[in-house]
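User: I am new to this structure and would like a close look at a single part of it. Please start there and then place that part in its surroundings.
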Amino acid sequence: MAPDMLLALLWKALVQTVHMVAVAGLIGTLVGLPIGVFLANSGRGELFAAPMVNRIVGLIVNATRSTPFIILVVAIIPFTRLVAGTSIGTSAAIVPLTLATIPFVARLIEAAIREVDRGLIEAARAMGASRWQIVTKVLIAEARPGITLALTLTLVSLIGYSAMVGAVGGGGLGDLGIRYGYQRFMPEVMAAVVVVLILLVQAVQSAGDALARRFDKRNRQT
Amino acid sequence: MHTVSNPPAPGRAVLPSGAEMAPPVAASPMVSFRGVTKRFADRGGKGEFIALAGVDLEVPKGAITGIIGRSGAGKSTLIRLVNGLENPTSGSVLVDGVDVGGLDETKLRGLRRQVGMIFQHFNLLSSRTVYGNIALPLEIAGLSRAAIKARVAPLIDLVGLSDKAGRYPAELSGGQKQRVGIARALATEPKLLLSDEATSALDPETTQSILDLLKTINRDLGLTVLLITHEMEVVKSIASEVAVIDKGLIVESGRTFDVFTRPRHETTRALLSGLPGTKLPDAITRRLKADGGTGDRIYTRLTFFGATAEQPLIARLMSELGAEVNIITGTIDEIAGEPYGSLVVSYSADPAVLSRAEAFYAQTGLSTEVLGYGA
Ligand SMILES: Nc1ncnc2c1ncn2[C@@H]1O[C@H](COP(=O)(O)OP(=O)(O)OP(=O)(O)O)[C@@H](O)[C@H]1O
Ligand SMILES: [Mg+2]
């Protein structure tokens, strides 16, 4: 394949991947973060104590997480059509990606929030903070390094998942690799796709790590 | 030794009447606990654990009151009732006349802004600087940025951290962290400061500096302080009032000086025995008998306080009884700011010596307690 054509294909696929990952990551976080905060604080005697709801939400989260992604993609096609108006293409692929991201983010955020010292909640309550203020000013603020790492992991996983949505014509780098590199046997396309994916994942991970380190004031030495 | 020195054992002298005086009772207390009980459901679900078994206590305004007890006595549970972090199972807690249990969520948050709290493990936000931590309660109260700044700056000065405003907690020592905790607790200008073992994680020297700071705040801002601790030293050095809690009950309370110089309850005595200078060496305790025979020596504890603490009484006692007097152990100290001395001496139980000693005690008003007789 001519280099300029390969480049054009790669660029288009990269844009599609970034598009899918960005939208699914954003919506997945917007929905998953509050669920994660809820899961971390709704046990018995906790800030939003609702043990029953906690258990039910936990079950749904677990069920979604244990469904293999490719099965999820196919199983929710009717829902995808309802939301995206179509079941084919990049926009359609975003629906199952988002759906898979929500429980993933929720569990990671839950873990990050649970890392926050309970004594800080106590101190904030003693100051007269409302539950909303405790969440925003204490829990999320203190868990920021952990949340940053959680979202980094989410993006990296999303890049991997996005390679699978070629099945519904989602496009993107993974799809390019399969169609050209594998089905049409063009190893140079496959190699280029792998290199771009590695660079992409590296970039996301390094940025996330650097950000988390900047947020983390727990072990600062001077 | 207990059987000999504990009241109502014979031979225990009565204190000078001045020390018997009741503490001045303020018109209305800052905190009143009225028949407060607290039960926790056991982990299993069926059984119940009684953490507080009916507490009645008044915390006077403007004073530093200490609640002391062993681990698990219910101290934290008790103090957490004051700002509604915990609710009593029965009974009521009044803060400046307001029943904490009767407040709705919004009113309770309002009350909490009038009640500062400091903690054993400081509970500072690691993500915020010294300035940011002190500003937090003000942000929560909804003050403007400018108003916050005007409030925080003098507080940082007050606790002596002017050069650390931009530092994070991880960059501070334990004592400095507690200073931030204190400044944070003072930010909303509370009328009551609660302290849950605020110095228990600190070394003795740092403890003293934090206690001095609390004393200063109490004196200069007129802030009522209620502190709980398991360390007698803490109560002794700053609390003018004390309550001793044991197994969920207040077993003794009153002016610290009175309670410490004449402990009535077993728990108080046990807690006090940890203080240096109050305990006889074991070797001597073992030799003591309740009655003296010929040639025996009498072991007597002399307690100095009030006016007697400031006179050269030991020298005079020695000249009065001749070279007979043997000093066994002793301490000179302050309890809640009042000088206090305790000295255990032995001298011949010969009737002539005894009558000279009695005459001297009667003349000087020294408080004495016969511990026993021995060789
Ligand atoms: N939420 C709870 N559930 C069950 N039991 C509790 C709870 N909180 C406290 N307790 C029990 O109540 C008793 C008193 O606890 P509290 O924390 O008040 O003791 P403390 O005097 O502060 O002890 P320490 O000096 O160790 O802090 C303890 O036996 C404790 O196990
Ligand atoms: Mg405690």
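In β2(B), which residue is the bridge partner of B:Ala41?

Analyst: The bridge partner of B:Ala41 in β2(B) is B:Glu48. The model is a predicted one, and every value below is computed from it.

The pair belongs to the contact between strand β1 of chain B, residues 31-41, and β2(B). These two strands run antiparallel and are joined by nine bridges. In general, the strands of a sheet pair through backbone hydrogen bonds, in a parallel or an antiparallel way.

β1 and β2 are part of an open sheet of four strands in chain B, whose order is β2-β1-β4-β5 and whose pairing is antiparallel. At the edges of this sheet are β2, residues 48-59, and β5, residues 98-99, each of which pairs on one side only. B:Glu48 is thus a residue of an edge strand, since β2 of chain B starts at residue 48.

A helix accompanies this sheet. Helix α2 of chain B, residues 75-82, lies across β1, β2 and β4 (90-95), and its direction is at about 120 degrees to that of β1(B). The same helix leads to the other chain: the side chain of B:Arg80 forms a salt bridge with that of A:Glu122, with 2.0 Å from N to O. Because A:Glu122 sits in helix α6 of chain A (residues 118-126) and B:Arg80 in helix α2 of chain B, this pair joins two chains.

Between chain B and chain A the count is two salt bridges. A:Lys137 and B:Glu139 also form a salt bridge, and their closest N and O atoms are 3.0 Å apart. Over all chains, the count comes to 24 salt bridges. The contact as a whole takes 25 residues from chain B and 22 residues from chain A. About 2,300 Å² is buried between the two chains, and carbon and sulfur atoms give 54% of that area.

Chain B has a further sheet. Its six strands form an open sheet with mixed pairing, in the order β6-β7-β8-β3-β9-β10. Here the edge strands are β6 (115-119) and β10 (249-255), each pairing on one side only. Direction ignored, neighbouring strands of this sheet are turned by 15 degrees against each other on average. Strand β9 of chain B, residues 241-246, runs antiparallel to β10(B) and is joined to it by six bridges. Within that pairing, B:Ala243 has B:Ser253 of β10(B) as its bridge partner. Helix α7 of chain B, residues 204-221, packs on this sheet and touches β3 (64-69), β6, β7 (192-196) and β8 (224-229). The direction of α7 makes about 140 degrees with that of β3(B).

Chain A, on the other side of the contact, has ten helices and zero strands. Its C-alpha atoms fill a box of roughly 70 × 50 × 25 Å along the principal axes. Two of its helices, α1 (residues 3-41) and α5 (residues 90-114), have axes that come within 5 Å and cross at roughly 35 degrees. This crossing of α1(A) and α5(A) is right-handed. The residues in the contact of these two helices divide into 18 nonpolar, ten polar and three charged.

To return to the part asked about, B:Ala41 and B:Glu48 are bridge partners in a pairing of β1(B) and β2(B) that holds nine bridges.

Notes:
Residues numbered from 1 in each chain as written. Chains lettered and ligands numbered in written order. Predicted model: local features only at pLDDT ≥ 70, side-chain atom pairs only at ≥ 80, totals over all residues. Heavy atoms only, no water. Axes fitted to C-alpha atoms, helices over the stretch in contact; angles between N-to-C directions. Left-handed = near helix turned anticlockwise from the far one by under 90°. Nonpolar A, V, L, I, M, F, W, Y, C, P; charged D, E, K, R; others polar. Pairing = 2+ DSSP bridges. Contact = heavy atoms within 4.5 Å. Buried area = accessible area lost by both parts, 1.4 Å probe. Salt bridge = Lys/Arg side-chain N within 4 Å of Asp/Glu carboxyl O.
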